[in-house]
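The following exercises concern pockets, rings and overall form. Each task is followed by a solution in steps.

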Amino acid sequence: MRIDAHQHFWTYDSLDYPWIPRNQVSRARQPTGLDTHFDSNRTLDRDFLPLDLWPLLSAAGLDGCIAVQARQSLRENDFLISLADEHDFILGVVGWIDLRSDQAGKQAQEFAKHPKAVGVRHVVQDELQPMFMAGEAFRRGIASLKHFDLIYDILIYEHQLPDAIALAAAFPDQQFVVDHIAKPKIKWATLDPWRSLIKKLAGFSNVVVKLSGMVTEADHAHWSVEQLDPYWQVILEAFTPSRILFGSDWPVARLASSYQRWITVVREWLVALSDSERAAIWGQNAHRVYFQ
């Protein structure tokens, strides 16, 4: 099975999604088709739903996806689970619970009742507190996830990698997935200290990484495969093909790339690998991490 391990759905509302950049392009509902003409329609402030994604998955030869939260609200869980109930190709949902709440365990238990609930995520990249994930309440919430077989997706910028390293060390029995290769400064062609820190994080066997979100950390209009390649090489060496998951970060990635272009980039990178290594990155790793 070939899986897009990271994408989003939303019915756009500016209050629910304040992080989405506003665009002067009309927000009227528009079909994405095969998403090839992204230059003329990069807006994100409109609806993106399963029937928009399915043609892209199908054209890329992918069998399904994992829907990841885009709102820090319990309502997001209900929304994504309802979509997963309606569409078989949505294989799993990474939702949200308030990990700092005294009710985190109950919220995790309630969410985990659904068979497609596979993990949770907090938007740590927006938190200003240094070592946010080292907080006592947050870690108490993380400790509750293991009881319900829920994965934790780590969404951070590169300067927050020390926090992630400490978290992985503190919870060796918890499975962690690093989103978007921890968002290095690709636009500025800066490899360090991201390179040394991501290698240190990769040293923990309970951590895997998603090959996603790279194009939006580069120059949206002028990025090239050559600019991305050094970061891919670091990830490949640090995590090896057995701990890398393919993800598109659709529709956010549309700010910089069509779905097909990102698929093409990843295919080019994987040519040098064996058949079994390619199969692992395209879906087997995601299946193992989220569903076994």
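A charge sits over a ring if NZ of Lys or CZ of Arg is within 6 Å of the ring centre and within 35 degrees of the ring normal. The model is predicted: local features need pLDDT of at least 70, side-chain atom pairs count only at pLDDT 80 or more, and totals for chains, interfaces and linings use all residues. Residues are numbered from 1 along each chain as its sequence is written, and side-chain values use heavy atoms, with hydrogens and water left out.

**Exercise 1. Charges and a tilted pair**

Task: Determine over which ring the charged end of Arg-2 sits, and describe the aromatic pair that Phe-246 forms with Trp-282.

Solution.
1. The charged end of Arg-2 lies over the ring of Trp-282, 4.6 Å from its centre. Elsewhere, Arg-261 is placed over the face of Trp-223, at 3.7 Å from the ring centre.
2. Rings of Phe, Tyr and Trp (its six-membered ring) pair if their centres lie within 6.5 Å; planes under 30 degrees apart count as stacked, over 60 as edge-to-face and the rest as tilted. The whole structure contains 14 aromatic pairs.
3. In one of these pairs, the rings of Trp-10 and Trp-19 have centres 5.5 Å apart and planes at 90°, so the pair is edge-to-face.
4. Buried means under 20% relative accessible area, exposed over 50%, and partly exposed in between (1.4 Å probe, protein chains only). Trp-10 is buried at 0%, whereas Trp-19 is partly exposed at 38%.
5. Phe-246 and Trp-282 form a tilted pair, with 4.8 Å from centre to centre and 55° between the planes. Helices (H or I, at least four residues) and strands (E, at least two) are DSSP runs, numbered from the N terminus. The pair joins distant parts of the chain, with Phe-246 in strand S8 (residues 244–246) and Trp-282 in helix H9, 36 residues apart. Both Phe-246 and Trp-282 are buried.
6. Ring pairs also link Phe-9, Trp-10, Tyr-17, Trp-19, Phe-48 and Trp-250 into a cluster.

**Exercise 2. Empty space**

Task: Characterise the largest pocket by volume and by the classes of its lining, then treat the second largest pocket by volume.

Solution.
1. On a 1 Å grid over the protein atoms alone, a cavity is a set of points where a 1.4 Å probe fits but cannot get out, and a pocket is an open set with protein on both sides within 12 Å along at least five of seven lines; lining residues have an atom within 4 Å of a point. Grid points are joined across faces, edges and corners, and a volume is the space filled by probe spheres set on the points.
2. The largest pocket has about 560 Å³. Its lining comprises 27 residues, with Trp-19, Gln-125, Leu-155, Lys-183 and Val-252 nearest the centre.
3. Ala, Val, Leu, Ile, Met, Phe, Trp, Tyr, Cys and Pro count as nonpolar, Asp, Glu, Lys and Arg as charged, and the others, Gly among them, as polar. The lining of the largest pocket thus divides into 10 nonpolar, 9 polar and 8 charged residues.
4. The second largest pocket has a volume of about 220 Å³. It is lined by 13 residues, of which Asp-149, Leu-150, Ile-151, Val-289 and Gln-292 are closest to its centre. Helix H9 (residues 275–291) supplies the largest share of this second lining, 4 residues.

**Exercise 3. Overall form**

Task: State how many helices and strands the chain has, and what share of its residues is buried.

Solution.
1. The chain has 9 helices and 8 strands.
2. Of its 292 residues, 57% count as buried.
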